[in-house]
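Me: Please take a close look at one part of this model, the surroundings of the bound ligand, and then place that part within the rest of the protein. Plain description is enough.

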Amino acid sequence: MSIRRLPPELINRIAAGEVVERPASALKELVENALDAGATQVAVRLHAGGLELIEVADDGCGMTRDEMRLSLERHATSKLPADAIDRITSFGFRGEALPSIASVARLTLESRVRGADGWRIEIDHGMPGGEGPAALPPGTRVKVEGLFDKVPARRKFLRSPRSEYAACLDAVKRLAMARSDVGFTLDHDGRRILTLAPAEPPVRVAELLTHELDRHGIGIDCAREGMRLTGVISLPTFNRGVADQQFLFVNSRPVKDRLLVGALRGAYRDLIARDRHPIAALFLEIPLDEVDVNVHPAKTEVRFRDPSAVRGLIIGGLRHALDEESGRSAAREQAAAPVMWTTSLPLPHSGGGRGEGLSYSPDGQALPNPSREREGLVAERQRLFEPAPAARAEPAVEPVPSFPLGVARGQVAATYIVAEAEDGLVIVDQHAAHERLVLERMRAAREGGAVARQALLIPEVVELDEPDCDRLEAAAADLADLGLEAERFGPTAMLVRSVPAALGKTDAAKLLADLAAEIAELGGPMSLRDKLDHVAATIACHGSVRAGRVLSVAEMNALLREMEVTPRSGQCNHGRPTWVKLGHGEIEKLFGRR
Ligand SMILES: Nc1ncnc2c1ncn2[C@@H]1O[C@H](COP(=O)(O)OP(=O)(O)O)[C@@H](O)[C@H]1O
Ligand SMILES: [Mg+2]
C-alpha cells in the first residue's frame, strides 16, 4: 500500500461533498459571500430549482484579478484577520466554498472593484475554462451552471426541481432575515418571487413569515448573563403540521441547531400537541467567546460553551412570554369572532390532509364554505346532537355578575358549557378545560415544593445500560425534587425508592428508560421537568371530566371560576382553545343588525 498526496481537484471534490450538498447549499455559500463583501443589494436568479442555474449578483467590494484567482484556490480567504478563528463575525472563514462549487459545476466568476475594470474567470469542473474582461457594475456576479452534471453519484440524490427550489427559497429567507439591512431579490425561472427592501428586523421577519403573526404572534425580548434573545413566536393555538417555519439565528448566523430547536419545543411542551409545531423567528446574541461556529463545514451548527445557560434563557424567556399571553390567547381570537365562530373549531389533527397549513384561516370575510374536513366534523357534531338535542337551559333571570367567563346558562350535548358574560356568549369545551385545570393543579403542587411522593413497598431495581444510569445518576437531585427517588445500584442498574404520587401505579422501568432517553436527547435537567409535565398532562387527560358527562349548574360555574384564576387555562394540553367568546357585536353582525 502506498500513501500519496491527493491532487487539488480531488481534494476540492471531496470538500464539495460536505459543503455543497444540493443547489440550496451552493446558493447559501454564494449569498453569504455577497453579504461578507458588504453588499447592500443581493440579486439571486435560479433556473430549475438551481439545478440548471444559480446566479448571485452583489454590489459589494468586488475583487481584483489576482484576488479572483486566489479566491478559487482552496483555503484562501480574506476573512480571518490575525487568524482569530475564535472571533469570527463573517459568514465565511473556511475558504472552501468557491473552489468546492467550481469542482462540481461550471462556474463563472465576474467581479469589479470600484474605479477599475471588470474581469471574468471560468472554471469547468475544477479545470480552468478561460478568462477575460467583463462588463458589470462594481461588485461580484457568480454563475453556477449544471451543478453535479458530471457527478452522477451526487446527481442521484437530488430531488425534483420543485423541492430543490423550495430549499433554495428557504436558504434565501433565512439569510434575508439574518440581514434585514440588505435588499434582496429572488427570481425563479424568470419569475420574480421576492423583493425585499432594506428594513428593520421585525419588518423583514413579518414580510417573510405569515402576516397572521400580527395577531397570533408574541414578541420576545429577554436577556440573561450577557445573552439576549429577541424575535417573535406564535401563540400555541396558531401552529403548523410541519416545523418549516422556525428560523433560528445565533449572532445573525442562520443555524439549524438541535439544542435551540429542542429548547423551542420545550417551551411549548404541553401547550401544543406533539405533532404540531410553533412558528418562530428567534435571534440569539451571545458573546463571541461563548460560541464556536467552526464545528460544521456548512456552518449551520454551533457549539455553546454553556449549553444549559442558553437552553435556560430560551425556555425561560419563551415560557414567560407564553404564560403572560395565556389568559388572553383565546380571548384575542375574538378579533375575528364571526369567522372564528365558523372556522376555528379545532380541526381533527390526524386524519385529513397532510397536516400542513395553519390551524386557523381567520381572514375570510363571509362565512367560508366548509371544507371537506370540516364537513366531516360538522357531520360528527350533528350525530352528537341527533337523538334529541341534549341541551338544558337555566332561565336567564338574575342579572349577570361580571365574571370574565360569565355565568353558566346550560350545557349542550353534555360536552359544552354555554355561559352568559357581560359582553357576550361564552362556550367552553368542558373536557379540554378540565384537563387543563388538572394539569395546572399538579404543576402548582410541584412548584410549591409539595410534590407528593409515593414510597415503593419494595424498592424496585431497574436494569439500564451504563450511559443511561450515568445520566440518571447525574440528574438524581432534580428527579428527587419531582418525587422520583432513584439511586445508582451497580454499574448497570438503578434502585427506585419512590415515584411521584400523581403518577399512581407506574411502570418504573419504563419511566426511567424514557427519562434517560429524554436526558440523552435534550440534555440537562430542564427536560426532566418537561418530561414530568408531559406525563402529568397524560394523567390529567385521563383524570378529567369527560365530554358527555352531565354537569350541574353549580359544577359548571365552579369550573368557570377556576378557569378564570388558572394560568394557561385558555388552551388545552394539546394547544386547542378551551373556550370561545362571541361578543354582543358579533352576535348582532350574525343577525344582520349591524
Ligand atoms: N461576492 C464576493 N465579493 C467579494 N469577494 C468575494 C466574494 N465571494 C468570494 N469572495 C472572496 O473569495 C474568498 C473565498 O471565498 P469562499 O471560498 O467562499 O471562502 P470564505 O467565504 O470562507 O472566505 C473570500 O474570502 C472573499 O475574499
Ligand atoms: Mg464563503
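Reply: What follows starts with the ligand, then turns to the whole chain, two sets of strands and one loop residue.

The model is predicted, and every value below is computed from it.

The ligand site. The shell around ligand 1 holds 19 residues, and those that come nearest are Asn 33, Thr 77, Ser 78, Lys 79 and Gly 95. Three polar approaches can be given with distances. A polar atom in the side chain of Asn 33 is 2.8 Å from an oxygen atom of ligand 1. Ala 97 uses its backbone instead: one of its N or O atoms there lies 3.1 Å from an oxygen atom of the ligand. At Thr 140 the side chain supplies the N or O atom, and its counterpart is a nitrogen atom of ligand 1, at 3.2 Å. The protein buries 94% of the 530 Å² that ligand 1 exposes when taken alone. Two elements give two or more residues to the shell, helix H2 (23-36) and helix H4 (97-103). Helix H4 has the largest share, with three residues.

The protein as a whole. The site belongs to a protein of 594 residues, 50% of which count as buried. Its secondary structure consists of 19 helices and 23 strands. The accessible surface is about 28,200 Å², and carbon and sulfur atoms account for 54% of that surface. Of the contacts between residues at least 6 apart in sequence, 69% link residues at least 24 apart.

Strands E17 to E19. Strand E18 (residues 416-421) is mostly covered, with five of its six residues buried. Strand E17 (residues 407-412) runs antiparallel to E18, and five bridges join the two. One of the paired positions is Gly 410, whose bridge partner in E18 is Val 418. Three residues separate the strands in this hairpin, where Ala 413 takes a positive phi near 55 degrees. Strand E18 also pairs with strand E19 (residues 424-429), again antiparallel, over six bridges. Here Ile 417 has Val 428 in E19 as its bridge partner. The hairpin of E18 and E19 has two residues between its strands.

Strands E20 to E22. Three strands make an open antiparallel sheet in the order E20-E22-E21. Strand E20 (453-463) and strand E21 (485-488) each have a single partner strand and stand at the edges, so one side of each has no neighbour in the sheet. Neighbouring strands here are turned by 15 degrees against each other on average, direction ignored. Four bridges pair E21 with strand E22 (residues 493-500) in the antiparallel sense. Ala 486 stands opposite Val 496 in E22.

A loop residue. His 277 sits in the loop between helix H9 (258-268) and strand E13 (280-285). Is His 277 buried or exposed? His 277 counts as buried because its relative accessibility is 18%, and the limit for buried is under 20%. Leaving aside residues up to four places away in sequence, His 277 touches Asn 239, Arg 240, Gly 241, Val 242, Ala 243, Gln 246, Arg 265 and Ile 272. With Arg 265 there is also a polar contact between the two side chains, at 3.4 Å.

Technical notes
Residues are numbered from 1 along each chain as its sequence is written. Chains are lettered from A and ligands numbered from 1 in the order in which they are written. This is a predicted model: local features need pLDDT of at least 70, side-chain atom pairs count only at pLDDT 80 or more; totals for chains, interfaces and linings use all residues. Side-chain values use heavy atoms; hydrogens and water are left out. Buried means under 20% relative accessible area, exposed over 50%, partly exposed in between (1.4 Å probe, protein chains only). A polar contact is a pair of N or O atoms within 3.5 Å; within protein, one must be able to donate a hydrogen and the other to accept it, and residues adjacent in sequence count only if both atoms are side-chain atoms. Contact means heavy atoms within 4.5 Å. Two strands pair if DSSP finds at least two bridges between them. Axes are lines fitted to C-alpha atoms, for helices over the stretch in contact, and angles run from 0 to 180 degrees between N-to-C directions. A residue is near a molecule or strand if one of its heavy atoms lies within 4 Å of it. Accessible areas come from the Shrake-Rupley method with a 1.4 Å probe; for residues, only the protein chains shown count as cover.
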